[in-house]
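Dear colleague, you asked for a note that could be read alongside the model by someone who has not seen it before. Please keep the sequence and the structure open while going through the points.

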Amino acid sequence: MSTLPEKESRAPTTCLGPASTHSLDSNHRDGLERECSRKSDQKPRELYGVGNPIAMFSSDSSHLSSRGRVIKWFWDSAEKGYRTYHMDEYDEDKNPNGIINLGTSENKLCFDLLSRRLSQSDMLHVEPSLLQYPDWRGHLFLRKEVARFLSFYCKSPAPLKPESVVVLNGCASLFSALATVLCEAGEAFLIPAPYYGAITQHVYLYGSVRLVYVYLDSEVTGLDTRPFQLSVEKLEMALQGANSEGVKVKGLILINPQNPLGDTYSPEELREYLEFAKRHELHVVVDEVYMLSVFEESVGYRSVLSLDRLPDPQRTHVMWAASKDFGMSGLRFGTLYTENQDVATAVASLCRYHGLSGLVQHQMAQLLQDHDWINQVYLPQNHARLKAAHTYVAGELRALGIPFLDRGAGFFIWADFRKYLPEATFEEEMLLWRRFLDNKVLLSFGKAFECKEPGWFRLVFSDKAHRLRLGMQRVRQVLKGTSQVAEDPPSCQSQEPRASTGELVTALRLLLPT
């Protein structure tokens, strides 16, 4: 998705020396090799951008309203690569030369576990109430199970309440509903960038709500910082910049674990961001859709619902869905937890258009209450398979000399292909993306996430071994035919040990179905 900032505030940029770089890797294990050779040519740092989703809008359809033309334009401009993929999808038997999709963030590793559980007899239940109009917040039996589920897995200090739960058909609908009920048309949310780019559509198409990008840098500015780190200072500068342009900011969106970075926020960081929002009377929407997809034990993930005494509970709204953590993006189940009953009621009213069937609500209640299966079967297997897939793709990237962030959460790796761009422009980024697509592998390019540095790509690894292997072979083929601009100078590199061939083979074996 292409959204263009109208103005940016700028400040000077810096580059750390090799000692600081080495310290960063040893402390954070982020797998990011520094690229300092082109720092002197970079533009001054952009601190924020005010999004204008229709800056490039053009449409000549006479059959649609002005809103309809904008909606159609979003589809046309944002889905081009995916339409190409859907017309030529890889199939091992029917279309072995089709496109491998390493761009869509879906978990395709656990269908065997899910199909067995969803086929059990307790899932196959029909009664009159399930075929009739429900409470638009969701059936009470489901909201009770959601409250218990979130209380347990979010480790809330006190049991969460069913009356604070609203269920609807996925987080896309939830973003749209929250934007519509929290903001006036033309108002905005702050969002750290890079971010999951479809949120731009989610908040704009119904609510005409904009985003103010809080730009994050790959550079490290101190021993206790990491690439693309969010800070309260950056939030303050973006808020001030938006205000100076006459844009009213009503809230802050946080994704934790973050997409596309894979970062997780510490409890201290979460509290700092929430305190910032309270000072400025901003709502905070926290998307925790990957909360159970933290596959590295060393990553100490904490839900915002685990914090004692939220700074502003009436303006803190948490969303979760089954799409990622349970690999069921086609089921369309999402949930909102908010202590603010006015917000819950307003969102529930929109569930008339975004509700779930009674049969799906029954299935979700049965699934969420089955802690034995979740804890003893699904999560251990899912985490092991995610870790194995990540190990394989990370090893391939290291073998190619591609720097990347190694975070241990989510389904994707944020990788730095900047040295394969003849010029540091988004036009060159798109050309590289096109070369990947022409070679039958679909990746997600950085501009789609509003990354301000051309050359970053997101690679999804939560797929079966044979598709990962073929996809990475095709990535390698493209890069072999693409000249590198410059090798990183030795003083600016810090390389993690590469996985051995045996370790990569073991990782692939773990991905094979059992």
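The points below deal with a predicted model, and they go through a sheet, two helix pairs and several single residues.

1. The sheet. An open sheet is built from 3 strands in the order E13-E16-E15, and the pairing in this sheet is antiparallel. Strand E13, residues 412–416, and strand E15, residues 444–445, stand at the edges, and because each has a single partner strand, one side of each is left without a neighbour in the sheet. As general background, strands of a sheet pair through backbone hydrogen bonds, in either a parallel or an antiparallel manner.

2. The pairing of E13 with E16. Strand E16 covers residues 456–460, and 5 bridges in the antiparallel sense join it to E13. Two positions can be used to follow this pairing by eye: Ala415 has Phe457 of E16 as its bridge partner, while Trp414 stands opposite Arg458 in E16.

3. The surroundings of E13. Is this strand mostly covered or mostly exposed? E13 is mostly covered, since 5 of its 5 residues count as buried, which means that each has under 20% relative accessible area. The side chains are divided between two directions, with Phe412, Trp414 and Asp416 pointing one way from E13 and Ile413 and Ala415 pointing the other way, and all of them are buried. A reader who colours the strand by accessibility should therefore find both sets of residues, including the charged Asp416, in the buried class.

4. Helices against the sheet. Which helices should be viewed together with these strands? Helix H14, residues 426–438, lies across E15 and E16, and it runs at about 30 degrees to E16. To return to the pairing of E13 and E16, these strands are joined in the antiparallel sense over 5 bridges. Helix H13, residues 371–400, packs on the sheet and touches both E13 and E16, with its direction making about 10 degrees with that of E13.

5. H14 and H15. Besides lying across E15 and E16, helix H14 meets helix H15, residues 465–480, and the axes of H14 and H15 come within 9 Å and cross at roughly 130 degrees. The two helices are therefore oblique to each other, and H14 passes H15 in a right-handed crossing. The contact is made by Leu432, Arg435 and Phe436 on the side of H14, and by Val475, Val478 and Leu479 on the side of H15. Sorted by type, the residues of this contact are 5 nonpolar, no polar and 1 charged.

6. H8 and H9. Another helix pair consists of helix H8, residues 232–244, and helix H9, residues 267–279, which pack at an angle of about 30 degrees with their axes 10 Å apart. That angle makes H8 roughly parallel to H9, and the crossing in which H8 passes H9 is right-handed. Val232, Leu235, Glu236 and Leu239 of H8 make the contact with Glu272, Tyr273, Phe276 and Arg279 of H9. The residues of the contact between H8 and H9 comprise 5 nonpolar, no polar and 3 charged.

7. Cis peptide bonds. The loop between strand E9, residues 249–255, and H9 contains Pro257, and Pro260 also lies in the loop between E9 and H9. The bond joining Asn256 and Pro257 is a cis peptide bond with omega of about -5 degrees, and a cis peptide bond with omega of about 25 degrees joins Asn259 and Pro260.

8. Positive phi values. Ser208 is not a glycine, yet its phi is positive at about 55 degrees. This residue sits in the loop between helix H7, residues 199–204, and strand E8, residues 210–215, and at 29% relative accessibility Ser208 counts as partly exposed. Glu281, likewise a residue other than glycine, has a positive phi near 55 degrees. Glu281 is placed in the loop between H9 and strand E10, residues 283–287, and with a relative accessible area of 57% Glu281 is exposed.

9. Ser323. Is this serine buried or exposed? Ser323 is buried, with a relative accessible area of 8%, and its place is in helix H10, residues 322–325. When neighbours within four places in sequence are left aside, Ser323 is in contact with Met328, Ser329 and Arg332.

Definitions and conventions
Residues are numbered from 1 along each chain as its sequence is written. This is a predicted model: local features need pLDDT of at least 70, side-chain atom pairs count only at pLDDT 80 or more; totals for chains, interfaces and linings use all residues. Side-chain values use heavy atoms; hydrogens and water are left out. Two strands pair if DSSP finds at least two bridges between them. Helices (H or I, at least four residues) and strands (E, at least two) are DSSP runs, numbered from the N terminus. Contact means heavy atoms within 4.5 Å. Axes are lines fitted to C-alpha atoms, for helices over the stretch in contact, and angles run from 0 to 180 degrees between N-to-C directions. Buried means under 20% relative accessible area, exposed over 50%, partly exposed in between (1.4 Å probe, protein chains only). Angles under 35 degrees count as roughly parallel, over 145 as roughly antiparallel, 65 to 115 as roughly perpendicular and the rest as oblique. A crossing is left-handed if the near helix is turned anticlockwise from the far one by less than a right angle, and right-handed if clockwise.
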